[in-house]
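Reader: I want the labels on this model justified. Can you take me through them, with the reasoning each time?
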Amino acid sequence: MRGRDDALHRAARERPTRAGESARERLDSLAPERATSSAWTPSVCSCRPDRSALSRAARWVCALSLGAGVSLVADESAAAEIRVTSRTYGEAYMVRVPNSADLLSRRRLVQYVNLGAYNLLPPKRPTDAHRAFEEGQLHLVTSMRLRHDFGTYLREGEDPAAQRLQSVDGRQVDVLFAYLEGQNLGGVADVRVGRQFEMSGLDFYAFDGAWTKIHLPVVPLAVEAFGGLMVDGAQLFGFPTFETDGTSGTARDRAFSPMIGAGISLDRISWLDARAAYRRTWTPHGLNRQTTDDDGGEGLASAVDQEILSLSAAARLAKGQITPYTALRYNLGTARLDDVSAGLHLAMGPRQSVRALYIRTIPAFDLDSIFNVFTNEAFEDVRVVFESRPNQRWILAARSQNRIFRDSLTSELGTEPPRAVRVGVGGGVTAAYRLPRFALRADGYALGGEGGLRTGGSLDTRTMVAWNRLAIDGRVYGVYFQDEISHARRGYSFALQAGLNVQLWRGIHLNLLGEELITNYYTSALRLLASLTVDWSLRTSMQR
């Protein structure tokens, strides 16, 4: 089962963005950060809708869309800007096999290729160097990722992508996004056609289709409509990050699932953002007649996969000193509020600030998943952080954390839980010191109560030498944990890390990292990692 926490972790790299964000911002934000040493924590129609016919049709649509964009660049754009960015990551590291002297090797190559063609429409007046935003503009944006592992302990994948390459995670070739975007067309409309991903409140998804946003001229509102096919991560050019949980490896996971949705948002209000949206995803029998079900039957019965309401809002008050925000996701299929997030940032002055955050979440699955029959309880987390900057070199912070677990009556017998509310309490402190060529950060934390005790601390440093071309990293950290139920789940870990980040040339970095780990289970666990990163970009602009 693909975990939602894993999807959120990847989303930190491949950031889902709000509706209407520009193509240039989206392309620039998707590419991963420059690699550093880990020591510094850093609707298709067919006479017979079988999968192959639909796949071929989808590929033709994508090819025609890209071809149309390229022709626009060649024939229409006298002021177009072409930007190509390629990032290559090579990793090599060793992991010791538990209770053995054998070593497992990892030899991974990751390649990102981003292509953007901006300002495809030429200026309306020969004297203008660029077309004004009020006159509308077109952009073509694409991004692809390839992953391959040459090391040991590989596993074969079953999807079309894995049949061509090998990888430890079963995914190799991903099209992250590829769409043609129109901004302010006719002065009222924004559109996107192709593969795209969106985030609405706490609802995130990727689809192949079209999205449009109409800015209403009289009132400060904008209305949206979107639809297409949900991205299937099992396909050759899939993107598994945003797939729903609970049906991994089943026929439902490989089915064609259309999606439609609509939204409304505030527009042209500088101090307030708000958006509400509805999204429905389903698996129709008509598109999946040729799919073999898990029981061996031919075709899949029609079913709703997801039906979501989402809301997000943020305000900037008192010249940005007070910033409240909130987001939520309501699951219409289960009649349950799945996720809630609310926070407040208060600037008490130029050097002090307070941040408060509340999170409530519960596991959510595809409505076809058997996991929906099990009882799930929400998890709540409340945090408050106070930060002070005494001067330009120091940052001091203290934080509190409270975890809240609620138990309810059992559905069948109505049995009351021993405790309706269980709480875990903790906190931490952080101090950071920075000079032009030296940085240090110390952190300590503790969390107790429900679930047991967990405490630890770390000390990180980075020193820049050789005209800032060589970074020397060091880290020491320790963790102690004690489960309140099982005595076997008690222990500690202590580790020493050292690393080098060498800039061999502009955009070429070599990273070396070593760690020695000592725990109550291992007297020694040495890990070594080396990675080579090559980052280059080509940018050209054609002017009249």
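Author: Start with the charged pairs. This is a predicted model, and it holds 23 salt bridges.

Reader: What makes Glu 224 and Arg 275 a salt bridge?

Author: The closest N and O atoms are 2.6 Å apart. The cut-off is 4 Å, from a side-chain nitrogen of Lys or Arg to a carboxyl oxygen of Asp or Glu, so the pair of Glu 224 and Arg 275 qualifies. Glu 224 lies in strand E7 and Arg 275 in strand E9, so the pair ties together parts that are 51 residues apart in sequence. Both residues are buried.

Reader: Why are Arg 355 and Glu 387 called a salt bridge?

Author: Their N to O distance is 3.7 Å. The limit is 4 Å, so the label holds for this pair too. Arg 355 is in strand E13 and Glu 387 in strand E14, 32 residues apart.

Reader: Which of the words buried, partly exposed and exposed fits Arg 355, and which fits Glu 387?

Author: Arg 355 has 35% relative accessibility. Partly exposed runs between 20% and 50%, so Arg 355 is partly exposed. Glu 387 has a relative accessible area of 16%. Buried means under 20%, so Glu 387 is buried.

Reader: How do you know that Arg 475 and Asp 460 form a salt bridge?

Author: Their side chains meet at 2.9 Å, N to O. That is within 4 Å, so the pair counts. The pair links strand E19, which holds Arg 475, with strand E18, which holds Asp 460, 15 residues apart.

Reader: Why are Arg 475 and Asp 460 called buried?

Author: Arg 475 has a relative accessible area of 19%. Asp 460 has 5%. Buried means under 20%, so both values pass.

Reader: What is in contact with Ser 458, and is Ser 458 buried or exposed?

Author: Ser 458 is found in strand E18. Leaving aside neighbours within four places in sequence, its contacts include Arg 475, Val 476 and Tyr 477. Its relative accessible area is 16%. The threshold is under 20%, so Ser 458 is buried.

Reader: What makes Val 476 eligible for the nonpolar surface patch?

Author: Val 476 sits in strand E19. Its relative accessible area is 33%. A patch residue needs over 30% and no salt bridge, so Val 476 clears the area cut-off. The patch covers about 650 Å², and among its other members are Leu 453, Tyr 480 and Phe 494. Strands E18, E19 and E20 each give two or more residues to the patch. E20 gives the most, with three.

Reader: Why is Arg 399 called partly exposed?

Author: Its relative accessibility is 30%. The band lies between 20% and 50%, so Arg 399 falls inside. Arg 399 lies in strand E15.

Reader: How do you know that Arg 399 makes a polar contact with Thr 430?

Author: The two side chains are paired at 3.0 Å. The limit for N or O atoms is 3.5 Å, so the distance fits. Arg 399 also touches other residues, including Val 384, Gly 428 and Tyr 445.

Reader: Which residues make up the largest nonpolar core?

Author: That core has twelve residues in all, among them Tyr 89, Val 110, Phe 177 and Phe 239. Strands E2 and E4 are the elements that give two or more residues to this core.

Reader: How many of the 544 residues count as buried?

Author: The figure is 40%. The protein exposes about 28,900 Å², with carbon and sulfur atoms supplying 61% of it.

Technical notes: Residues numbered from 1 in each chain as written. Predicted model: local features only at pLDDT ≥ 70, side-chain atom pairs only at ≥ 80, totals over all residues. Heavy atoms only, no water. Patch = residues over 30% accessible without salt bridge, like charges linked within 9 Å, V, L, I, M, F, W, Y side chains within 5 Å. Areas by Shrake-Rupley, 256 points an atom, 1.4 Å probe, with all protein chains shown as cover. Helix = DSSP H or I, 4+ residues; strand = E, 2+ residues; numbered from the N terminus. Buried < 20%, exposed > 50% of the residue type's maximum accessible area, 1.4 Å probe, protein only. Core = buried A, V, L, I, M, F, W, Y, C linked by side-chain atoms within 4.5 Å. Contact = heavy atoms within 4.5 Å. Polar contact = N/O pair within 3.5 Å; in protein donor to acceptor, adjacent residues only side chain to side chain.
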